[in-house]
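Please open the model in your viewer and keep a selection panel at hand, since the tour moves from one group of side chains to the next.

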Amino acid sequence: MQIRELGARPLVGIPVGLVYLPGHSIPTHGIGERYIKAVRDGSGADPLLVPALAEDFDFGVMADRLDGLFLTGGRTNIEPHHYGGPPFPEDEYRDPPRDNTVLPLIRACVDRGVPVFGVCRGLQEMNVALGGSLHYRVHLVAGKQDHRMPRTIF
């Protein structure tokens, strides 16, 4: 457990995903500003953006440094092999680096008692990280609403 300086604001990790910008062959790491401001202004914590670099992290060390973890919504779905689901169709958006960063980070935070909060995709990540499964195209189920991000944005 880390000892903070008196009066220091809590540090909340916000994992980011890969974003592919038009005209660029290399992805960038990104997240909506509204999530950053929600942590800073809504909770009074300092946001720390966590890049999708799973192979570069010791998740236990990362979790030890955080006072909280905020899992955001996102454009992509968690790949089904993480929960034993059928493979995605070719047209499904995916972000393996985010999956491979967030899922073990959630488990490390839970193991250490670090609070984890999720919205939209973040709730799905929590569910999968803790052993649950998903129906990744719930909008095709009769009576369910389509709340996906616009298909023109990525």
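Is Arg 121 buried or exposed? In this predicted model, Arg 121 is buried, with a relative accessible area of 2%.

Keep Arg 121 selected and add Asp 99, with which Arg 121 forms a salt bridge whose closest N and O atoms are 2.4 Å apart. Arg 121 lies in helix α4 and Asp 99 in helix α3, so this pair ties together parts that are 22 residues apart in sequence. Asp 99 also counts as buried, at a relative accessible area of 1%.

Next, select Glu 125 and Arg 98, which form a salt bridge with the closest N and O atoms 2.7 Å apart. This pair, too, links distant parts of the chain, with Glu 125 in helix α4 (residues 121-129) and Arg 98 in helix α3 (residues 96-112), 27 residues apart. Glu 125 is buried at 1% relative accessibility, and Arg 98 is buried at 4%. With these four residues shown together, you have a network of salt bridges that links Arg 98, Asp 99, Arg 121 and Glu 125.

For another setting, go to Arg 40 and Asp 41, whose side chains meet in a salt bridge (2.6 Å, N to O). Here Asp 41 counts as exposed, at 52% relative accessibility, whereas Arg 40 counts as partly exposed, at 38%. The structure holds 8 salt bridges.

Finally, turn to the aromatic rings, where the count comes to 3 pairs. Select Tyr 35 and Phe 70, an edge-to-face pair at 5.8 Å centre to centre with 70° between the planes. Tyr 35 sits in helix α1 (residues 33-43) and Phe 70 in strand β5 (residues 68-71), 35 residues apart. Both Tyr 35 and Phe 70 are buried. Adding Phe 117 completes the view, as ring pairs link Tyr 35, Phe 70 and Phe 117 into a cluster.

How values were computed:
Residues are numbered from 1 along each chain as its sequence is written. This is a predicted model: local features need pLDDT of at least 70, side-chain atom pairs count only at pLDDT 80 or more; totals for chains, interfaces and linings use all residues. Side-chain values use heavy atoms; hydrogens and water are left out. Rings of Phe, Tyr and Trp (its six-membered ring) pair if their centres lie within 6.5 Å; planes under 30 degrees apart count as stacked, over 60 as edge-to-face and the rest as tilted. Helices (H or I, at least four residues) and strands (E, at least two) are DSSP runs, numbered from the N terminus. Buried means under 20% relative accessible area, exposed over 50%, partly exposed in between (1.4 Å probe, protein chains only).
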